[in-house]
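Trainee: I should be grateful for a close look at a single part of this model, namely one helix and its surroundings. Please place that part within the whole chain as well.

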Amino acid sequence: MVGDAAGLELVSRQDGSPVIRGLELFPAIDLRNGRCVRLEQGEADRVTVYDADPVEVATGYAQAGSAWVHVVDLDAAFGEGSNRALVRKIAAIGGIRVQTGGGLRSESDLEDVLEGGAARAVIGTAAIENPDLVERAIRRWGADRIAVGLDARGTRPAVRGWREDSAEDLFQIAGRLADRGVQTFIYTDISRDGMFSGPNVDVSGELADRSGAEVIVSGGVGTAAHLDEVREGAAAHRGIAGVIVGKAIYEGRVSVEEALARLRG
Ligand code: AMZ
């Protein structure tokens with residue numbers, strides 16, 4: 001069998017040995033006040049602001065061969081403004097699919113980004129506070145265009161820019177959302193985000209196994225070897241489908257080209 005366009009099908013080599021379905025790389029661009037930034041553990045006052053123009057950064061990712069870019073509107077996630085016009089500009093580059101979240105709390109927010117050129121919208125806070133919205137969105141745009149972002153301290157998801165904790169456990173929330181049709185979760189381990197301490201492949205794998213959905217691993221990638229850990233995780237947990245890499249790319253610890261090669265194995 002040959003992989004589909006997204007590279008997400010199980011394939012086998014000609015000699016019959018199994019190959020893991022393609023793991024997607026999502027280089028990340030986090031936006032604050034129109035600039036590329038990275039936070040540590042999601043805290044707005046532990047911020048690094050980069051000089052690079054966000055549209056140029058995304059263009060560079062496309063030129064380096066990435067199929068996707070993950071764009072987070074941090075101002076909108078914090079409820080302190082919006083970078084939506086910039087997100088639309090990035091979506092207009094062409095040659096790269098945009099997965100974007102931050103502050104998408106209503107159907108009209110989703111319409112704005114999904115009809116504005118983004119390939120996939122990421123719903124965080126609203127998925128926990130208003131799961132009906134997720135179900136409606138999946139019915140309207142299809143499950144492959146809607147991802148749910150579960151950003152957790154361990155297994156306790158946080159909402160509203162990670163400033164509030166949810167009452168329920170990660171696996172309960174994920175199970176309920178999977179029952180409503182969610183096929184893609186993005187699991188961020190907040191304690192690792194921006195820290196280069198390695199991704200949380202264990203919880204990501206458990207989330208994939210227990211929910212039956214695909215999981216994109218986020219937070220903590222700091223070296224190319226960490227991508228080998230994700231690849232190994234995907235061999236053990238069928239649902240692990242990709243990984244988000246932010247600061248490690250900005251800071252030259254891992255290039256997009258090398259990350260793509262590592263994920264291919
Ligand atoms: O860094 C943070 N404090 C932060 C962050 N990166 N807060 C939210 N987010 C991202 C999530 C997800 O992609 O990882 O924003 C999105 C969710 O936003 P919302 O507004 O739907 O909860």
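Mentor: The account below begins with the chain, turns to helix α8 and its neighbours, and then takes up other helices, the ligand and some loop residues.

The model is a predicted one, in which local features need pLDDT of at least 70 and side-chain atom pairs count only at pLDDT 80 or more, while totals for chains, interfaces and linings use all residues. Residues are numbered from 1 along each chain as its sequence is written.

The secondary structure of the chain consists of eleven helices and 14 strands; helices (H or I, at least four residues) and strands (E, at least two) are DSSP runs, numbered from the N terminus. Along the principal axes, the C-alpha atoms fill a box of roughly 55 × 40 × 35 Å. The radius of gyration of the chain is 17 Å, which agrees with the value near 18 Å for a compact globule of 265 residues; the radius is taken over C-alpha atoms, and the globule rule is 2.2 Å times the number of residues to the power 0.38. Of the 265 residues, 46% count as buried. A residue is buried if 20 or more other C-beta atoms lie within 10 Å of its own, exposed if 12 or fewer, and partly exposed in between, with C-beta atoms placed from the backbone. Two residues are in contact if their C-beta atoms, placed from the backbone, lie within 7 Å. Among contacts between residues at least 6 apart in sequence, 65% join residues at least 24 apart.

Helix α8 spans residues 201-211, and its buried residues are Val-201, Ser-204, Gly-205, Leu-207, Ala-208 and Ser-211. Seen down the axis of α8, these residues fall within an arc of 160 degrees, so they line one face of the helix; the arc is that of the directions from the helix axis to the C-beta atoms. An α-helix has 3.6 residues a turn, so residues three or four places apart point the same way. The cover over the buried residues of α8 includes α7 (170-179), β12 (184-189), β13 (214-218), α9 (224-236) and β14 (240-245). Just after α8, Gly-212 has a positive phi of about 75 degrees.

Within α8, Leu-207 counts as buried, with 27 C-beta neighbours inside 10 Å. Apart from neighbours within four places in sequence, Leu-207 is in contact with Leu-170, Phe-171, Ala-174, Phe-185, Tyr-187 and Val-215. Leu-207 and Val-217 are ten residues apart in sequence and 10 Å apart in space, C-alpha to C-alpha. Val-215 in turn touches, among residues more than four places away in sequence, Ser-204, Leu-207 and Ala-208, and also residues including Phe-185 and Tyr-187. Val-215 and Phe-185 are, with Val-243 and Val-245, the residues with the most contacts inside the largest nonpolar core, which has 74 residues. Such a core is a set of buried Ala, Val, Leu, Ile, Met, Phe, Trp, Tyr and Cys residues joined through C-beta atoms within 7 Å.

Two other helices may be read in the same manner. In α3 (residues 84-91), Arg-84, Val-87, Ile-90 and Ala-91 are buried. They cover an arc of only 110 degrees around the axis, which puts them on the same side of α3. The buried residues of α3 pack against α1 (54-63), β6 (68-73), β7 (97-101) and α4 (107-114). In α1, the buried residues are Pro-54, Ala-58 and Tyr-61. Seen down the axis of α1, they fall within an arc of 55 degrees, so they line one face of the helix. On the other side of α1, Glu-56 and Gln-63 are exposed.

The ligand is surrounded by 20 residues, of which the closest are Gly-42, Ala-77, Gly-101, Gly-124 and Thr-125; a residue is near a molecule if its C-beta atom, placed from the backbone, lies within 6 Å of it. The elements that give two or more residues to this shell are α2 (74-78), β8 (120-123), α5 (125-129) and β9 (146-153).

Finally, the loop leading into α8 deserves mention. Phe-196 lies in the loop between β12 and α8, and its phi is near 65 degrees, a positive value in a residue other than glycine. Most residues other than glycine have a negative phi. Phe-196 counts as partly exposed, with 15 C-beta neighbours inside 10 Å.
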